[in-house]
Amino acid sequence: MEISFRIATEHDVDTIVKMLANDPLGSKRERYEQPLPESYKNAFQAISSDPNNELIVACHNNEVIGVQQITFTPYLTHQGSWRATIEGVRTLSTERGKGIGSDLIRFAIQRAKERGCHLIQLTTDKQREDALRFYERLGFEATHEGLKMKL
């Protein structure tokens, strides 16, 4: 299957939210309904206007079949280097298991290198044991304990 990658457009937001909501955890925190809540459109505008954020879609025959967000952040640590953070990786449910997720991650790694990042990082919910194994197979290591606080 030939896959291409591009920056998401506003036209893609509906499909992206549908993918984010289409798993056991996403269905609890996302609101895929018509019309989409305005918060999704506002978030898309903030992401697309920020040069240090890229919302990337994977496409096959011009159909969006995967998504991820890459955020580039400057740090004083590591001698003032940049790092990339991968968030919201999803594939269309009918396309899972076909290597699209791996292709998305490899694309993110390449983008991080192009941007001169020292490190690339991501988090995954502890309930997503398959995702943890997936990321480890791609070379990521669970070197830190992440903490979050809902506000």
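1. In this predicted model, the side chains of D103 and R106 form a salt bridge, with 2.9 Å from N to O. Both residues belong to helix α5, where they stand 3 residues apart, about one turn of the helix. D103 has a relative accessible area of 25% and is therefore partly exposed. R106, at 45%, is likewise classed as partly exposed.

2. Salt bridges with shared partners join D23, R90 and R128 into one network. Within this network, the side chains of D23 and R128 meet at 3.1 Å, N to O. D23 is located in the loop between α1 (13–21) and α2 (26–29), while R128 is located in the loop between β5 and α6 (129–137); the pair therefore ties together parts that are 105 residues apart in sequence. D23 is buried, since its relative accessible area of 12% falls under 20%.

3. In total, the structure holds 10 salt bridges. Another of them brings together the side chains of K98 and E95, again with 3.1 Å from N to O. Are the two partners buried or exposed? K98 counts as partly exposed, at 47% relative accessibility, whereas E95 counts as buried, at 15%. As a general remark, side chains of opposite charge can pair when their charged atoms come close.

4. The sheet deserves a separate description. Five strands form an open sheet in the order β1-β2-β3-β4-β5, and the pairing is mixed. Its edge strands are β1 and β5, each of which pairs on one side only. On average, neighbouring strands of this sheet are turned by 30° against each other, direction ignored. In general, strands of a sheet pair through backbone hydrogen bonds, either parallel or antiparallel.

5. One antiparallel pairing involves strand β2 (residues 53–60) and strand β3 (residues 63–74), which are joined by 8 bridges. Here E54 stands opposite I70, a residue of β3.

6. A parallel pairing is formed by strand β4 (residues 82–91) and strand β5 (residues 117–122), over 5 bridges. Which residue of β5 is the bridge partner of A84? The partner is I120. Together with helix α5, the strands β4 and β5 make a right-handed β-α-β unit. Helix α5 of this unit is also the helix that holds D103 and R106.

7. How many aromatic pairs does a search of the whole structure find? The search finds 3. In one of them, the rings of F5 and F107 have their centres 4.7 Å apart and their planes at 20°, so the pair is stacked. F5 lies in strand β1 (residues 4–7) and F107 in helix α5 (residues 100–114); the contact therefore ties together parts that are 102 residues apart in sequence. Thus an edge strand of the sheet takes part in a contact with helix α5. F5 is partly exposed at 25% relative accessibility, and F107 is partly exposed at 23%.

8. A further aromatic pair, formed by Y135 and F140, is edge-to-face, with 6.2 Å from centre to centre and 75° between the planes. Y135 is buried, with a relative accessible area of 10%. F140 is also buried, with a value of 15%. Ring pairs link these two residues and F134 into a cluster.

9. Arginine side chains also lie over aromatic rings. R83 is placed over the face of Y75, 3.7 Å from the ring centre. The charged end of R115 sits over the ring of F72, at 4.1 Å from its centre.

10. The final point concerns E141, which is found in the segment after α6. Is E141 buried or exposed? Its relative accessible area is 65%, and E141 is therefore exposed. E141 and Q121 are 20 residues apart in sequence, and their C-alpha atoms are 9.3 Å apart in space.

Key. Residues are numbered from 1 along each chain as its sequence is written. This is a predicted model: local features need pLDDT of at least 70, side-chain atom pairs count only at pLDDT 80 or more; totals for chains, interfaces and linings use all residues. Side-chain values use heavy atoms; hydrogens and water are left out. Rings of Phe, Tyr and Trp (its six-membered ring) pair if their centres lie within 6.5 Å; planes under 30 degrees apart count as stacked, over 60 as edge-to-face and the rest as tilted. Helices (H or I, at least four residues) and strands (E, at least two) are DSSP runs, numbered from the N terminus. Buried means under 20% relative accessible area, exposed over 50%, partly exposed in between (1.4 Å probe, protein chains only). A charge sits over a ring if NZ of Lys or CZ of Arg is within 6 Å of the ring centre and within 35 degrees of the ring normal. Two strands pair if DSSP finds at least two bridges between them. A crossover is right-handed if, with the strands pointing away from the viewer, the path from the first strand over the helix to the second runs clockwise. A salt bridge is a side-chain nitrogen of Lys or Arg within 4 Å of a carboxyl oxygen of Asp or Glu. Axes are lines fitted to C-alpha atoms, for helices over the stretch in contact, and angles run from 0 to 180 degrees between N-to-C directions.
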